[in-house]
Amino acid sequence: MNTINQQYNPVLLIHGISDTEAVFRKMQNFLQDKGWSVYALNLVPNNGDVGLDILAQQVADYIAATFAPEQTIDIVGFSMGGIVSRYYVQRLGGIERVQRLITISSPHNGTIVAYGSWRPGCLQMRTQSNFLKDLNSDVVMLKQLNFTSIWTPYDLMIVPAKSSQMPIGTEVIIPAASHPWMLTDSRSLAAVATALAEPMRNINRDRQFGYTHNSQKSPLGSGNI
């Protein structure tokens with residue numbers, strides 16, 4: 001493994017619903033081999049039984065216990081983990097220390113799949129939920145950091161898939177054939193590394209890029225919000 005690059009921030013990985021930090025194993029190894037110091041935590045409970053704001057407080061507590069107060073960090077949130085990470089940044093003071101926030105297939109504008117459960121966390125991820133409306137009401141604050149949304153148009157867990165689009169920051173479209181593959185697809189891993197290595201942008205400078213080549217759609221594997 002490469003020597004840790006002291007110019008890189010530590011990276012914290014936040015998983016999705018019904019997942020654990022184990023889903024990031026390939027990504028964690030990939031980033032560590034490229035010189036990042038990578039951390040992950042298990043959100044408890046992970047099944048939507050509590051609100052995303054409660055899970056975000058777990059993130060805040062973990063960060064406070066793990067990193068020095070002056071240490072800036074970067075966060076990668078998958079699916080629900082991206083919304084949990086946004087709540088930490090936008091509502092729990094994370095904006096003061098997070099420099100790069102990357103969400104992967106996160107339901108920024110809700111997902112129809114969340115209507116399949118009445119659990120508090122799922123209610124918050126429904127389209128037009130008050131929770132998401134509130135979080136999106138001041139999304140412009142994310143211009144204070146490097147924000148990147150990575151998503152696939154073939155997502156059957158984030159429905160519609162374009163719910164992962166955001167009006168600010170960088171958008172990366174990876175034509176992976178299913179939701180969970182976004183954590184293992186080599187193009188997705190490369191996009192995460194690129195976003196983490198990018199110098200801090202000016203507050204008002206946004207850009208967009210994506211991959212436009214075709215991808216064969218295959219059946220959805222096991223996956224979670």
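Start by selecting Leu 12 in this predicted model and look across to β3, where the bridge partner of Leu 12 is Ile 75. One place earlier along the chain, select Val 11, which stands opposite Asp 74 in β3. These residues belong to the pairing of β1 with β3, two strands that run parallel and are joined by four bridges.

**The strand β3**

Now select residues 73-78, which make up β3, and colour them by burial. Six of the six residues of β3 are buried, so the strand is largely enclosed by the rest of the structure. In a regular strand, the side chains alternate between the two faces of the sheet. With the side chains of β3 displayed, Ile 73, Ile 75 and Gly 77 can be seen pointing one way, while Asp 74, Val 76 and Phe 78 point the other way, and all of them are buried.

**Across to β4**

From β3, move on to residues 98-104, the strand β4, which pairs with β3 in the parallel sense over six bridges. Two positions are useful as landmarks here: Val 76 stands opposite Ile 102 in β4, and Gly 77 stands opposite Thr 103 in β4. How many of the seven residues of β4 are buried? Six of them are, so β4 too is largely enclosed by the rest of the structure.

**The whole sheet**

Select all the strands next, and follow the open sheet that six of them form in the order β2-β1-β3-β4-β5-β6, with parallel pairing. At the edges lie β2, residues 38-40, and β6, residues 170-173, each of which pairs on one side only. If you turn the view to look along the sheet, the twist from one strand to the next averages 20°.

Two helices may now be added to the display. The helix α3 packs on the sheet, where it touches β1, β3 and β4, and its direction makes about 145° with that of β3. Helix α6, residues 186-197, also packs on the sheet, touching β1, β3, β4, β5 (146-151) and β6, and the direction of α6 makes about 165° with that of β4.

**Helix α3**

Stay with α3, residues 80-91, and compare its length with expectation. At 1.5 Å a residue, the twelve residues of α3 should span 16 Å, and its end C-alpha atoms are indeed 16 Å apart, which agrees. The helix is mostly covered, since eleven of its twelve residues are buried; among them are Met 80, Ser 85, Arg 86, Tyr 88 and Gln 90. To find what covers the buried residues of α3, show β1, α2, β3, β4 and α5, which are included in that cover. Beyond the helix, select Gly 93, which follows α3 and has a positive phi, near 90°.

**Helix α2**

The next selection is α2, residues 52-66. At 1.5 Å a residue, the 15 residues of α2 should span 21 Å, and its end C-alpha atoms are 21 Å apart, which agrees. The buried residues of α2 are Leu 52, Leu 55, Ala 56, Val 59, Ala 60 and Ile 63. Why do they fall on the same side of α2? They cover an arc of only 155° around the axis, which puts them there together. An α-helix has 3.6 residues a turn, so residues three or four places apart point the same way. On the other side of α2, Ala 64 and Ala 65 are exposed. What covers the buried residues of α2 includes β1, β3, α3, α4 (120-124) and α5.

**The nonpolar cores**

With these elements on screen, select Ile 75, Met 80, Tyr 88 and Leu 142, which touch the most other members among the 38 residues in the largest nonpolar core. The elements that give two or more residues to this core are β1, α2, β3, α3, β4 and α5. A second, separate core of 24 residues includes Trp 36, Ile 102, Leu 183 and Leu 196.

Centre the view on Met 80 and show its surroundings: leaving aside residues up to four places away in sequence, Met 80 touches His 15, Gly 16, Ile 17, Leu 43, Leu 52, Leu 55, Pro 107, Met 125 and Ile 225.

**Stepping back**

Finally, display the entire protein chain, which has six helices and six strands and, read along the sequence, follows the pattern β-α-β-α-β-α-β-α-α-β-β-α. Buried residues make up 52% of its 225 residues. Of the contacts in the protein chain with a separation of 6 or more, 75% are between residues 24 or more positions apart.

Notes: Residues are numbered from 1 along each chain as its sequence is written. This is a predicted model: local features need pLDDT of at least 70, side-chain atom pairs count only at pLDDT 80 or more; totals for chains, interfaces and linings use all residues. Side-chain values use heavy atoms; hydrogens and water are left out. A nonpolar core is a set of buried Ala, Val, Leu, Ile, Met, Phe, Trp, Tyr and Cys residues joined through side-chain atoms within 4.5 Å. Buried means under 20% relative accessible area, exposed over 50%, partly exposed in between (1.4 Å probe, protein chains only). Contact means heavy atoms within 4.5 Å. Two strands pair if DSSP finds at least two bridges between them. Axes are lines fitted to C-alpha atoms, for helices over the stretch in contact, and angles run from 0 to 180 degrees between N-to-C directions. The expected span of a helix is 1.5 Å times one less than its number of residues. The arc is that of the directions from the helix axis to the C-beta atoms.
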